[in-house]
Amino acid sequence: MTAKVVRIIMVLLTVYIGSIVIPDFYRTSFKRNVKYVTLNYSEVTKQFVIWGLKEGKLLDTLGNEYTRQEYERMVPFSSMAQLMKRGEFPDTVDGVAVTPQLVAANSYRHIVNLTERGRYYAMTPLVHGGTDRVGYIYTNDMMRVNRNGIEFYNCETNSVDTEKSALFDKELCGLGYCPPAKKLYGQSSTGRSRDDGLFFIDSKDQLFQVKYRAYKPVCRKIDLPDGIKLRRVECEPDHPEVVAYLFGDNNGVYVLTVDERILKLDLDVFDYDSFKTFDVMGNLFYHMISIQKDGFEKLYIFDRDYKLVDKYGIHSDVYEKSGAGVAEGFLFPFVTTTFSYVNGYYISTEGQPFVKFIWLNLVLAGVLLWMKRRKGLDVKNVFNVIDVLLVAAFGIFGFVSVLIYPIRK
Amino acid sequence: MILHLFYKEWLKTRWFLFFVVLLGLAIVTYIFLDVDNNVRMKGSFNYLMNVFYGIPQANYYHSLIKYVPLLMGVCVGLSQYVPEVIDKRIKLTLHLPMHNTVTLYMMLCFGFLMLLASYAVVFGTFFYLNNLYFPFEESWAVLTSLMPWLLGGVAVYFMIAMISMEPNLFYQFLYGIVAFFLVKQFYIGMEHADTRHIIPALAIMAFVPCTALLYTSYRFIKGER
């Protein structure tokens with residue numbers, strides 16, 4: 001009896017392993033590249049331009065076709081190098097005089113990988129500015145906010161710099177911080193023209209910014225709009241106007257500007273959990289934000305003051321709609337995938353539509369029943385019935401697992 | 001009786017344990033010689049910056065230890081079960097005046113404790129030295145990366161115990177395939193990953209096979225071929 005119960009447990013474990021391995025073999029054998037579609041926005045025609053809908057041609061949203069050379073003339077800022085090589089870079093764009101230097105100074109890009117799950121260290125350096133040295137310097141210590149409050153850990157002596165820590169603690173206590181920090185954010189480093197210090201969310205979900213200037217702490221509490229709690233702070237150290245992008249638990253995205261304003265971006269379909277990439281680009285005229293997930297991209301165009309100008313979403317081909325993907329829906333009741341994104345790892349189990357796979361499951365359950373009868377097993381025995389039910393529920397995974405672990409008469 | 005059983009298991013496993021622990025300690029020593037050299041050359045702060053944000057060689061300074069838990073699980077499992085099953089001495093063990101389930105679980109328990117003891121020696125040394133060179137936060141982050149590897153060693157030990165007791169070679173092969181794909185999940189590119197969210201799932205995957213010995217030993221006792 002015990003051995004048979006253990007067998008069921010092992011069958012269930014093997015079902016789980018099978019749901020990782022068998023679909024992986026299937027996809028390696030049959031999954032092929034699908035056609036991806038990408039979007040851009042023309043500063044000249046004020047139309048979205050679509051790559052990938054037609055072989056060797058670009059289309060705009062009105063259905064006009066363009067060659068690559070025409071496309072490059074339509075997006076002079078992102079094709080500047082190519083236009084300069086051909087001597088076609090314009091003197092004016094949309095009536096505004098432009099130079100390559102001006103375009104380069106106003107162009108930026110920041111890609112936020114929303115699925116990144118890298119290691120988190122809970123401590124990071126805070127650079128010191130306003131000293132007698134040019135720019136910013138490291139102080140050989142790392143900042144952390146633990147149960148004791150804010151601390152500066154000196155790496156050379158392996159001890160906490162109590163004097164400096166007390167200085168910052170006093171300043172932050174005056175602002176009402178409540179340690180420990182849930183998470184630290186920021187890229188405080190030397191070699192940049194501007195340092196925004198570090199950000200942390202305390203145990204009461206308040207956001208604080210900490211900087212170190214001329215031997216004194218410069219701290220401020222940032223009041224969050226709409227009563228949100230933050231899921232992530234993505235710092236933007238190289239942008240002249242933006243300090244950070246704030247991702248709220250209401251799926252809202254906010255821009256924290258250098259003049260301490262918080263602007264909400266009008267991203268109507270953004271969902272932090274389902275989208276994979278948040279891609280921010282900018283040029284002399286616009287800020288452009290592209291949000292992407294498998295089979296879908298939406299591009300938002302904002303003016304320089306983050307007012308929405310235009311938006312356009314487009315669906316690409318997805319594996320699930322391809323022949324192999326459709327067949328997969330009939331073969332497997334669910335698929336478990338192990339992801340290994342940038343230094344991260346996670347397991348995700350996704351089910352298939354019940355109406356698809358149930359037919360194969362029932363056929364396999366019938367086959368198992370026939371095999372058991374042929375072997376002379378008592379098909380009314382409770383453990384044989386459980387086997388058949390497992391195959392009916394888990395389909396091909398259950399069938400393989402049940403056969404791996406033989407049952408005694 | 002149980003202590004005698006433990007002594008019998010100790011006689012089988014002690015040299016394998018000794019050498020695998022020695023190997024683990026040698027790897028830990030090598031890792032921290034390298035860390036010490038880097039700290040002297042670059043300074044503590046700069047080296048810590050390299051570990052946090054730098055090149056992969058610095059990020060992954062502990063990656064050499066990745067397969068040590070796996071090796072420990074394999075060594076303890078093979079030394080404990082394979083000679084006894086091949087020489088059919090397991091039949092004598094199963095005729096001891098104890099319930100078979102208790103006997104087998106005492107064996108499994110001994111092997112698991114030995115595995116934990118060897119983990120404690122090697123990884124205890126690793127974290128002791130790690131705390132000498134790095135702050136607690138770094139050690140904690142490294143521990144979250146190491147946990148899947150430690151659990152992988154446990155899983156492989158339980159799977160070896162299960163496979164060894166299986167009397168049929170063909171089913172041993174099939175269980176071997178299951179064990180391979182099970183253990184593989186613990187070692188997928190995670191040198192530098194935050195694994196806290198998947199540790200519960202991996203722990204379940206590691207400890208569920210501890211029951212499997214009952215299934216194959218039952219087949220062994222019943223004389224399946």
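Leu59(A) has Glu65(A) in β4(A) as its bridge partner. That pairing belongs to a predicted model, in which local features need pLDDT of at least 70, side-chain atom pairs count only at pLDDT 80 or more, and totals for chains, interfaces and linings use all residues. Residues are numbered from 1 along each chain as its sequence is written, chains are lettered from A and ligands numbered from 1 in the order in which they are written, and side-chain values use heavy atoms, with hydrogens and water left out.

**A four-stranded sheet in chain A**

Strand β3 (residues 57–60) of chain A joins β4(A) over two bridges in the antiparallel sense. Strands here are DSSP runs (E, at least two residues), while helices are H or I runs of at least four, both numbered from the N terminus. Two strands count as paired if DSSP finds at least two bridges between them. The open sheet has four strands in the order β1-β2-β3-β4 (chain A), with antiparallel pairing. Its edges are β1 (38–41) and β4 (65–66) of chain A, each pairing on one side only.

**Strand β19 and its neighbours**

Let's move along to β19 (residues 253–257) of chain A, where five of five residues are buried (under 20% relative accessible area with a 1.4 Å probe, protein chains only; over 50% is exposed, and partly exposed lies in between). Val253(A), Val255(A) and Thr257(A) point one way from β19(A), and Tyr254(A) and Leu256(A) point the other way. The table sets out its two antiparallel partners.

| Partner of β19(A) | Bridges | Opposite residues | Positive phi in the hairpin |
|---|---|---|---|
| β18(A), residues 242–248 | five bridges | Tyr245(A) and Val255(A) | Asn251(A), near 65° |
| β20(A), residues 262–264 | three bridges | Tyr254(A) and Lys264(A) | Glu260(A), about 65° |

The hairpin of β18(A) and β19(A) has four residues between the strands, and the hairpin of β19(A) and β20(A) also has four.

**Where the chains meet**

Contact (heavy atoms within 4.5 Å) links 49 residues of chain B with 43 residues of chain A. The buried area, the accessible area (1.4 Å probe) lost on putting the two parts together and summed over both, is about 4200 Å², and carbon and sulfur atoms give 68% of this.

One salt bridge crosses the interface, between the side chains of Arg144(A) and Glu137(B) at 2.9 Å, N to O; the rule asks for a side-chain nitrogen of Lys or Arg within 4 Å of a carboxyl oxygen of Asp or Glu. On the chain B side, the elements giving two or more residues are α2 (44–53), α7 (136–165), α8 (169–184) and α10 (212–221).
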